[in-house]
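Student: Could you take a close look at one helix of this chain for me, and then work outwards to the side-chain pairings that join parts far apart in sequence? I would like one connected account rather than a list.

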Amino acid sequence: MAKMNLVIVESPAKAKTIGKYLGPGYQVLASMGHVRDLPKSKMGVDLENFEPNYQPIKGKEETIEQLKSAADASEKVFLATDPDREGEAISWHLQKLLDLPEGKASRVTFNEITKKVVSESIAAPRQIDQNLVDAQQARRILDRIVGYQLSPLLWKKIRRGLSAGRVQSVATRLVAEREEEIRAFVPEEYWTLEAQLERIAPNLGSLKAQFHGREKKMELKSQEQVDEVLAAIQDAPFEVSRIKRQDKNRSPAPPFITSSLQQEASRKLNMPPRRTMSIAQQLYEGVDIEGEGTVGLITYMRIDSLRISEEAIAAARSFAAGRYGEQYLPETPRRYKTKAGAQDAHEAIRPSNVELTPESVRKDLTPEQYRLYKLIWSRFLASQMASAVYDSVSMEITSAGYVFRASRSEVKFPGFLAVYEEGKDEESNEIQSPLPNLKEGEVLHCAALKPEQKFTQPPTRYTEATLIRALEEKGIGRPSTYAPTITTILSREYVVKDGKHLHTTPLGEVVTGLMKEKFQDIVDYDFTATMEGRLDHVESGEEDWKSVLRDFYQGFHQEMEQAEKDLDGTRIKVPDELSDEVCDVCGKQMVIKSGRFGRFLACPGFPDCTFTKPLVVQMPGRCPKCGSRILKRTSRNGYTYYACEHLGDKLGRACDFMTWDVPVKDSCPACGWTMFKKSGRGAKKPFCINESCENFVPEEKRGGYRKKKPEETAPDAAAPEQAAEEEKPAKKSSKKAAEKAEKTTEKKPARKRKSKAETALEEEA
């Protein structure tokens with residue numbers, strides 16, 4: 001009986017998809033990611049010759065044994081891990097761990113998991129690329145050296161549980177320095193001047209024009225300058241001096257690479273980078289599609305190349321011509337230039353089959369999968385379509401030698417905009433008003449002049465999207481590192497999110513300050529980017545990986561020794577982070593503390609005053625029962641609810657208002673009460689909850705989950721989190737669940753929460 005062939009991939013989902021394509025004669029198993037790595041309990045690297053001591057990962061014994069048995073019983077073993085450095089290294093580790101001879105083991109990669117590509121790859125295997133493996137080994141050992149030598153120093157000098165790294169420390173520095181720029185920013189006064197102009201003949205049109213200057217742009221820095229302009233033009237006529245009409249072309253954005261996908265998903269879908277990559281992995285590995293079976297919907301998503309295969313370009317052009325018409329195609333196919341230093345071995349992120357439209361597979365996808373697939377599909381198709389054409393008109397109107405400008409652009413031909421428009425981090429403030437059909441030399445009547453004082457604004461804080469863009473622009477990190485880097489600096493509490501924006505905590509600023517003072521190379525932008533370039537040289541075979549490590553460690557080791565000497569006997573205190581909350585007991589301004597259970601508010605008078613409360617977010621509007629603030633809270637089970645700030649108050653101000661509905665900034669125009677909307681993604685219509693108001697919307701007409709009536713469940717003001725859990729969207733009730741809830745109530749969770757906070761304060765003291 002002929003032996004089976006074994007194919008080893010990383011995940012069970014990919015194994016399932018590929019197994020269906022290959023059919024009988026092939027056994028497809030998953031390694032569940034890495035099977036061998038450096039030990040967790042020690043450095044695991046001989047720092048004399050940089051020889052790593054790899055060991056099987058604990059907990060993987062059963063998987064390794066299964067793979068060994070299957071490999072021994074197979075004629076050939078195809079190592080089909082992901083097509084990047086890390087995937088190449090996993091295949092190399094598998095070959096070593098399973099003791100596979102060169103003639104038996106082969107390497108195959110799938111840029112997309114479709115039957116055609118899988119069959120072609122299996123038919124054309126190759127040997128493991130040792131240069132790729134060495135580049136990954138160098139990165140892994142660099143990170144181990146930095147992490148295992150720097151982190152203990154941070155534990156001793158600042159706080160236990162901290163970490164440092166080549167990429168995460170630079171990312172934290174970026175956020176910290178932006179915060180410093182904001183603090184140091186000094187607003188400057190400036191003025192705008194808008195003219196409301198009308199044609200002499202009535203009802204023939206009007207326009208708004210913005211002050212520009214004279215022949216060159218002129219900044220109005222003070223009211224005196226504005227008054228000077230106003231005095232000059234007060235009795236002067238306004239004459240149309242120049243009209244320029246032209247067609248402007250706008251080209252589509254290129255298809256996604258890893259960084260641009262994460263940025264756009266953050267902007268348009270409000271999806272964190274780590275979640276974006278998780279959903280993209282699912283789309284890549286395969287989804288069950290009715291009538292098609294298991295299909296890998298997109299190509300590999302950890303890449304920085306903009307290359308697209310000729311076959312995919314032809315498919316996109318054919319689809320666009322069939323759906324939109326030949327006029328929506330450019331004369332020649334679009335090919336995008338990959339930036340210097342990018343790995344061009346793979347294609348940009350695109351749908352595996354452009355004929356599988358998002359609408360046709362929507363019923364087979366989760367909401368997140370559908371939204372991300374639609375984003376990728378639309379961006380790719382648009383990238384191969386014709387430019388959009390705008391009818392652009394700009395005018396200059398002169399009065400007393402001063403120039404006012406007005407412009408307007410309208411879509412003349414949508415082109416790629418019929419499919420997709422790229423998101424923006426910041427919306428344009430450019431004012432465009434409808435322009436009447438004027439002629440040069442025409443005199444206009446000035447109906448009004450509107451001067452407005454303004455002040456320059458500080459730089460905007462980073463969002464996850466803009467931080468990824470900054471890392472990419474500076475050459476720091478690689479596609480696979482962006483998402484875990486942001487997750488790490490958030491989990492270490494070096495950085496926190498305020499809405500969409502990131503800002504450093506006092507802890508993050510202290511750690512960054514120490515790193516900048518004692519380890520300049522680690523947080524230096526150019527040094528870190530240069531190191532990434534040297535790793536690329538290892539991948540291309542231009543440099544030896546151990547030489548790269550040796551050069552790095554020589555300087556790093558000297559910095560470590562000097563830092564240990566300089567900081568001997570020193571303990572760096574992290575300053576308290578002040579909040580806007582006031583202690584309910586003693587009236588002091590509360591501070592934000594971090595403990596084993598996360599961040600919380602505490603009175604700075606500890607131990608004399610031990611009052612603590614959860615860290616909450618103030619929502620718009622006021623409590624409909626007592627007029628106090630509405631706060632966003634989270635129950636112990638992770639459910640978000642909204643409650644009066646005095647919910648559970650034991651000082652005589654208790655209010656039992658809480659809801660699952662989200663307060664909005666708008667008030668009811670009839671009664672003035674704060675309005676609410678249903679939680680969840682997508683647009684939701686606000687409603688009034690005031691039963692005596694003419695705009696009141698009954699609960700059954702609000703949509704979404706219907707909350708229990710007050711008589712069915714009465715919130716316990718003394719235990720707000722328990723009340724929230726009782727009112728959360730319930731699963732099927734049972735007698736056991738009721739008994740469990742009753743026991744939970746008896747445990748007094750509020751007191752337990754307080755003791756946790758007190759424990760954290762005592763640990764810090």
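Tutor: Helix H15 is built from 13 residues, and the distance from its first C-alpha to its last is 18 Å, close to the 18 Å expected at 1.5 Å a residue. The model is a predicted one, and what follows should be read as a description of that model. Along H15 the buried positions are Pro506, Leu507, Gly508, Val510, Val511, Thr512, Leu514, Met515 and Lys518. The cover over these buried residues includes three helices, H5 (130–157), H6 (166–184) and H17, together with the strands E18 (501–504) and E19 (577–582).

The chain around this helix has 20 helices and 28 strands. Of its 765 residues, 49% are buried, and the accessible surface comes to about 38600 Å², with 48% of that area belonging to carbon and sulfur atoms. Among the contacts with a separation of 6 or more, 68% are between residues 24 or more positions apart, and several of the side-chain pairings described below span distances of that kind.

The aromatic pairs are a natural place to continue, and the chain has 15 of them. In one, the ring centres of Tyr26 and Phe78 are 6.3 Å apart and the planes meet at 45°, so the pair is classed as tilted. Tyr26 belongs to strand E2 (residues 26–30) and Phe78 to strand E7 (residues 74–79), so that the pair links parts of the chain 52 residues apart. The two partners differ in their cover, since Tyr26 is partly exposed at 25% relative accessibility, whereas Phe78 is buried with a relative accessible area of 5%. A second tilted pair, which brings us back to the surroundings of H15, is formed by Phe519 and Phe556, with 6.2 Å from centre to centre and 40° between the planes. Phe519 sits in the loop between helix H15 (506–518) and helix H16 (525–539), while Phe556 is in helix H17 (residues 545–566), 37 residues away in the chain. Phe519 is buried, its relative accessible area being 0%, and Phe556 is likewise buried, at 2%. Helix H17 thus appears both among the elements covering the buried residues of H15 and as the home of the ring that pairs with Phe519.

Elsewhere, ring pairs join Phe211, Phe238, Tyr402 and Phe404 into a cluster. Aromatic rings also meet charged groups: the charged end of Arg36 sits over the ring of Trp92 at 5.6 Å from its centre, and that of Arg178 sits over the ring of Tyr462 at 4.2 Å from its centre.

Side chains of opposite charge can pair when their charged atoms come close. Salt bridges in the chain number 42. One of them joins Glu539 to Arg85, with the closest N and O atoms 2.5 Å apart. Glu539 lies in helix H16 and Arg85 in helix H3 (residues 85–97), so this pair ties together parts that are 454 residues apart in sequence. Both ends are covered, for Glu539 counts as buried at 16% relative accessibility and Arg85 is buried with a relative accessible area of 11%. The same two residues also take part in a network of salt bridges that links Arg85, Arg478, Asp536 and Glu539.

Another salt bridge runs between Glu442 and Arg199, where the closest N and O atoms are 2.8 Å apart. Here Glu442 is in the loop between strand E15 (402–413) and strand E16 (443–455), and Arg199 is in strand E9 (residues 189–199), so the pair connects parts 243 residues apart in sequence. Glu442 counts as buried, at 17% relative accessibility.

A further salt bridge is the one in which the side chains of Asp288 and Lys20 meet, at 3.7 Å from N to O. Asp288 lies in strand E12 (residues 287–289) and Lys20 in helix H1 (residues 12–22), so the pair ties together parts that are 268 residues apart in sequence. Its two ends are less covered than a buried residue would be, since being buried requires under 20% relative accessible area: Asp288 is partly exposed at 39%, and Lys20 is partly exposed at 49%.

Notes. Residues are numbered from 1 along each chain as its sequence is written. This is a predicted model: local features need pLDDT of at least 70, side-chain atom pairs count only at pLDDT 80 or more; totals for chains, interfaces and linings use all residues. Side-chain values use heavy atoms; hydrogens and water are left out. Helices (H or I, at least four residues) and strands (E, at least two) are DSSP runs, numbered from the N terminus. Buried means under 20% relative accessible area, exposed over 50%, partly exposed in between (1.4 Å probe, protein chains only). Contact means heavy atoms within 4.5 Å. Accessible areas come from the Shrake-Rupley method with a 1.4 Å probe; for residues, only the protein chains shown count as cover. Rings of Phe, Tyr and Trp (its six-membered ring) pair if their centres lie within 6.5 Å; planes under 30 degrees apart count as stacked, over 60 as edge-to-face and the rest as tilted. A charge sits over a ring if NZ of Lys or CZ of Arg is within 6 Å of the ring centre and within 35 degrees of the ring normal. The expected span of a helix is 1.5 Å times one less than its number of residues. A salt bridge is a side-chain nitrogen of Lys or Arg within 4 Å of a carboxyl oxygen of Asp or Glu.
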